[in-house]
Amino acid sequence: MNPYRDILNYFDSRSTNTAAESFNAKIKNFRMQLRGVKDKAFFFFRLTQLFA
């Protein structure tokens, strides 16, 4: 991946991936609180209920 494209994108449109990184952190924290995920369907259901 070319990191220069992302850097130039910021200067062109003033957009970053901050929202995606924040959402990733929320998902990781949620998984950590559950101490792992066994039932993926239920995990995705809970994610949609909490964050959608």
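Helix 2 and helix 3 cross in a right-handed sense. By that I mean the near helix is turned clockwise from the far one by less than a right angle; anticlockwise would be left-handed. Helices here are DSSP runs of H or I, at least four residues, numbered from the N terminus.

Ground rules, quickly. This is a predicted model, so local features need pLDDT of at least 70 and side-chain atom pairs pLDDT 80 or more, while totals for chains, interfaces and linings use all residues. Residues are numbered from 1 along each chain, and side-chain values use heavy atoms, without hydrogens or water.

Back to the pair. Two packed helices are described by the angle between their axes and the distance between the axes. Helix 2 spans residues 18-34, helix 3 residues 40-51. They pack at about 125°, axes 12 Å apart. That makes helix 2 oblique to helix 3. Oblique is what remains after under 35 degrees (roughly parallel), over 145 (roughly antiparallel) and 65 to 115 (roughly perpendicular). Axes are lines fitted to C-alpha atoms over the stretch in contact, and angles run from 0 to 180 degrees between N-to-C directions.

Now R46, in helix 3. Buried or exposed, or in between? R46 is partly exposed, at 32% relative accessible area. The cut-offs: buried is under 20%, exposed over 50%, partly exposed in between, with a 1.4 Å probe and protein chains only. R46 and F30 sit 16 residues apart in sequence, and their C-alpha atoms are 9.7 Å apart.

Next, S15. It is in the loop between helix 1 and helix 2. S15 is partly exposed too, at 30%. From S15 to F44 is 29 residues along the chain and 28 Å between C-alpha atoms.

Last, helix 1, residues 3-13. I7 lies there. I7 counts as partly exposed, at 45% relative accessibility.

Conventions
Helix = DSSP H or I, 4+ residues; strand = E, 2+ residues; numbered from the N terminus.
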